[in-house]
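User: Please take a close look at one part of this protein for me. I want the helix packing, and the residues that sit around it.

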Amino acid sequence: MNHRSLKGELRDDGRPSPPLPARSRSPRRPLWPRLSGLLAAAALAALGCAGSAGQPASSAPPPAAMTPAQIAARATPAVVTIRGDGSLGAGFLVREDGWIATNFHVIAGIPDLKVVLWDQSEHPVLEVLAFDEDRDLAIVRIHAPRKLPLLPLGDSRAVRPGDPVVAIGHPLGLADTVSNGLVSAVRVVDPALTLLQISAPIAPGSSGGPLFNERGEVIGVAAAVATQGQNLNFGVPADYLKRLLVRPDPVPLSTFAAETADEEQALPAVKRSVPHHALAILRGCTEGDLLVLARTMDGAIQVGSPLYNQGDFASCYHIYEGASLDMERRLGPSCRGPRQALAEGRRKAAGLDDNAAQAWAMRDAFDGLLDVILRKVHGDTQ
């Protein structure tokens, strides 16, 4: 386990303790957002080119199974949103005093992270308690304003292909989305890493969210989607997370972010063309329509921006395009102006042959609509 230690720890008052002695660190490897070697190996395993492993059924009678709706009702208050500069992910409470599990790639290199609880209150991440970069896991801490709900961890070693699984996350920023499916396989990627292959859909924004068995226990952490095939989704078994929970080694978030930041890469030059809409474009739109627009565009930008900054221009563009189509379907019939503006953004993007330019064409359309919505909210008259 690459459970690296960094210097220092943080008290509740935010003051750093004296630095810990320096310890050796292994060199950084490509992170999971690039989905390089790990997903390639997992995809090959899914096609039968590598071994799979399962556990025999237990002889003890299992507890009563829960429906996905029952699991969601009980678990959603313990599922959180983790936001940073250009980052959006999920997490879940594993201790009632503010310990939160998520993916390593959700928090790596970001010095200012906030956790949004179920009641929509925001809390800054104080420190990173433990992390395992090789298995894409991390545990962070916030100051708990009260006793918080937590999720029980199940035995991921008992998971078998064919078992039902439920996922809760925030795909494309759509909070607390519940999906269900099956454990398709238990994949041994290498001797140090086993992954749960699942059919429950996950998407950018769901990273770090919990995967449940039919008893409502967390048996994995949603981590990645393989683009090499359809419906190849993967989670990290909860047993790896249990090992981190018993080995906390706190480090301030600022130190962690500095040590795990990626080197900036050059991005294409951008020529913006954000349309300036008159307030009349919102005529016929209800408050519900404006809420759909604002939330969906903000969520898409939160997910698409980090992909763009990593050089994945095509994925960013497709997220924006998909969000645009989704908004058009959900808007009321009288909300014509925003629907036309979104269609115009897609038409403009479709006429370009460069993914980066296409992404910016859609982003311009989003920013123009967000601007006019904000002007209406603030009481502007023009």
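Analyst: What follows goes from the whole chain to the helix pairs, then to three single residues.

The model is predicted. The protein has 9 helices and 14 strands. Of its 382 residues, 49% count as buried. Take the contacts between residues at least 6 apart in sequence: 69% of them join residues at least 24 apart.

Start with α8 and α9. Helix α8 covers residues 336–350, and helix α9 covers residues 355–377. The two pack at an angle of about 165°, and their axes are 8 Å apart. Because angles over 145 degrees count as roughly antiparallel, α8 is roughly antiparallel to α9. The crossing of α8 and α9 is right-handed. On the α8 side, the contact is made by Pro 338, Ala 341, Leu 342, Gly 345, Arg 346, Lys 348, Ala 349 and Ala 350. On the α9 side, Gln 358, Ala 361, Met 362, Ala 365, Phe 366 and Leu 369 take part. By class, this contact of α8 with α9 holds 10 nonpolar, 2 polar and 2 charged residues.

Now the other partner of α9. Helix α6 spans residues 287–309. The axes of α6 and α9 come within 10 Å and cross at roughly 145°. Here the crossing is left-handed. From α6 come Leu 290, Leu 293, Ala 294, Met 297, Ala 300, Ile 301, Ser 305 and Tyr 308. They meet Ala 356, Ala 359, Trp 360, Arg 363, Phe 366, Asp 367, Leu 369, Leu 370, Ile 373 and Lys 376 of α9. The contact of α6 with α9 counts 14 nonpolar, 1 polar and 3 charged residues. Phe 366 and Leu 369 of α9 appear in the contact with α8 and also in the contact with α6.

Next, one charged residue of the α8 contact. Arg 346 belongs to helix α8. Its relative accessibility is 18%, so Arg 346 counts as buried, the cut-off being under 20%. The side chain of Arg 346 makes a polar contact with the side chain of Glu 328, at 2.4 Å. Leaving out residues up to four places away in sequence, Arg 346 touches Glu 321, Ser 324, Leu 325, Glu 328 and Met 362. Met 362 is one of the α9 residues in the contact with α8.

Back to α6, at Gln 302. This residue is found in helix α6. Gln 302 is buried, with a relative accessible area of 18%. Beyond its neighbours within four places in sequence, Gln 302 is in contact with Arg 83, Gly 84, Gly 86, Ser 87 and Leu 88. Gln 302 and Leu 88 are 214 residues apart in sequence, yet their C-alpha atoms are 5.7 Å apart in space.

Leu 88 leads on to His 170, which is in contact with Leu 88. His 170 lies in the loop between β8 (164–169) and β9 (177–190). At 2% relative accessibility, His 170 counts as buried. Its side chain makes a polar contact with the side chain of Thr 81, at 3.1 Å. A polar atom of the His 170 side chain also lies 3.0 Å from the backbone nitrogen of Asp 176. Neighbours within four places in sequence aside, the other contacts of His 170 include Val 79, Val 80, Gly 89, Ala 90, Ala 175, Pro 204, Gly 205 and Ser 206.

How values were computed
Residues are numbered from 1 along each chain as its sequence is written. This is a predicted model: local features need pLDDT of at least 70, side-chain atom pairs count only at pLDDT 80 or more; totals for chains, interfaces and linings use all residues. Side-chain values use heavy atoms; hydrogens and water are left out. Axes are lines fitted to C-alpha atoms, for helices over the stretch in contact, and angles run from 0 to 180 degrees between N-to-C directions. Helices (H or I, at least four residues) and strands (E, at least two) are DSSP runs, numbered from the N terminus. Angles under 35 degrees count as roughly parallel, over 145 as roughly antiparallel, 65 to 115 as roughly perpendicular and the rest as oblique. A crossing is left-handed if the near helix is turned anticlockwise from the far one by less than a right angle, and right-handed if clockwise. Contact means heavy atoms within 4.5 Å. Ala, Val, Leu, Ile, Met, Phe, Trp, Tyr, Cys and Pro count as nonpolar, Asp, Glu, Lys and Arg as charged, and the others, Gly among them, as polar. Buried means under 20% relative accessible area, exposed over 50%, partly exposed in between (1.4 Å probe, protein chains only). A polar contact is a pair of N or O atoms within 3.5 Å; within protein, one must be able to donate a hydrogen and the other to accept it, and residues adjacent in sequence count only if both atoms are side-chain atoms.
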